[in-house]
Amino acid sequence: MVAHQEAEATTTTTTTVDPMRLASRWRSPAEWVATAAALDSEPMPSELNTANSSGLFAVVSVDKMSVKYLGVNHHGHDVGVVQADCPAPMHRAVYYFEMTVRNAGLKGQTSIGFTTESFKMRRQPGWESQSCGYHGDDGYLYRGPGKSESFGPKFTSGDIIGAGINYIEQLLFFTKNGSLIGAFPKDIKGPLYPTIAVHSQGEELTVNFGKEQFCFDIEGYILEQKMTRQSISDKLYLQPDISHWIVRSYLLHYGYQDTLNSFDAASETDPPANHQTGYGEPPEMYGLSHRKILRQLIMNGDIDSAFKRLEEWYPQVLKAEQLEGAVKYARANLANFLAHKAFEGLLKESVALLAYEKPSESCIGYLLESPQREFVADAVNAAILSTNPKMKDPESCLYSCLEKLLRQLTVCSSELRAFNSDQGDVFLLHKEIYERSRRP
């Protein structure tokens, strides 16, 4: 059947395959690190904002990490409140900071919470709308005018109190001395500033924005939250052997015939002709032996032999008029691609290879290394699959079932973040793969 399909391909027209749909494979490890760093470049609170504070009632230390009450507590507008120098970052699973009560002062009216940029800087966090605060003198949670409730224990000198934003579940939470006190729905809109306040003589607080180790195990908390979310999806019913068939489909799609045979042998599985429909041959079987050989030739750098085999087996992929058209197109449009940042570096480096007598030893020799050869092999593999006369979906030649699932995961993650006003972890598939590859 495979031989029949491969013979039939020589008389079949091919669907146009855009290899740049596989362009993500061109990124080098260094470029992925740079991409991940760019996503993590959100400003982080690092000190207290001395410019925007109720300076009449509090003084911030020289290092901008401590605040002490100086005023006289006559009424509710005599608060020494200070925000961080920038809002809490939103492109992450959780944000968290802590304060240490150095001195509870005369009345112990210290507090911690989150406020917006327009917050009145002479009021306790939680006393105004669009703010929240956990207060030490009564242990109450304040979430706006007239909104207060018993929340946790009081806190005083020596206590370490933390405040966090859980973007995974859209919650705000507080801790005391390393223990979680409680959480509640995050109903405050817009960027939130970490905020602390003092309100009676002698009160003094010091903040920790992460430069020192937190008292609360924030990494453990984040892991627990992610595992809780994972457990929800784990309860969904899936066909018992679905993971086996997803992996098998991937190996078939990319022509890893030897690995496929070993995989089947190790799984002690006698695969049916088509696991998806129950009859006929899986579409990924098309041209399997040819695709295996071509991939090996390309990965070994034997491009001349690969071209020769392609011309023999799949001449429609290398039609002379197509090559001629490609050259004309490149001459007419290459300059246009240089205007796009996504292609600029790639095109310049690719063309620059022609200037070196030994390109593999040049500064851009990485373009000839395995990751780039794999891209070429994938593009050839897709072009061959596109000649399958029984192919119904043009997209199927570009992506395996596994990759389609991962693309869907990326889209769903993006939609979830959009629903949460662009808050939460930025899901970048290649970043996840790269980070996992570095784990022991």
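**Nonpolar cores and two positive phi values**

In this predicted model, the largest nonpolar core comprises 36 residues, and those with the most contacts inside it are V67, M99, I112, F114, F174 and I196. The element that gives the most to this core is strand β5, spanning residues 94-103, with four residues. A second core lies apart from it and has 20 residues, including Y286, A306, Y314 and C397. As a general background, nonpolar side chains tend to be buried together in soluble globular proteins.

V67 offers a helpful place to start looking around the largest core, being one of the residues with the most contacts inside it. When residues up to four places away in sequence are not counted, V67 touches L48, A58, V59, V60, V82, I196, V198, E203, E204 and L205. Among these partners, I196 is likewise listed with the residues that have the most contacts inside the core.

The backbone also holds two points worth a visit. Most residues other than glycine have a negative phi. K64, which is not a glycine, has a positive phi of about 60 degrees. K64 lies in the loop between β2 (58-60) and β3 (66-69). With a relative accessible area of 28%, K64 is partly exposed, because that value falls between the 20% limit for buried and the 50% limit for exposed.

The other point is D422, a residue other than glycine whose phi is positive, near 65 degrees. D422 is found in the loop between α11 (401-419) and α12 (429-438). Its relative accessible area is 37%, so D422 is partly exposed.

Definitions and conventions: Residues are numbered from 1 along each chain as its sequence is written. This is a predicted model: local features need pLDDT of at least 70, side-chain atom pairs count only at pLDDT 80 or more; totals for chains, interfaces and linings use all residues. Side-chain values use heavy atoms; hydrogens and water are left out. A nonpolar core is a set of buried Ala, Val, Leu, Ile, Met, Phe, Trp, Tyr and Cys residues joined through side-chain atoms within 4.5 Å. Buried means under 20% relative accessible area, exposed over 50%, partly exposed in between (1.4 Å probe, protein chains only). Contact means heavy atoms within 4.5 Å.
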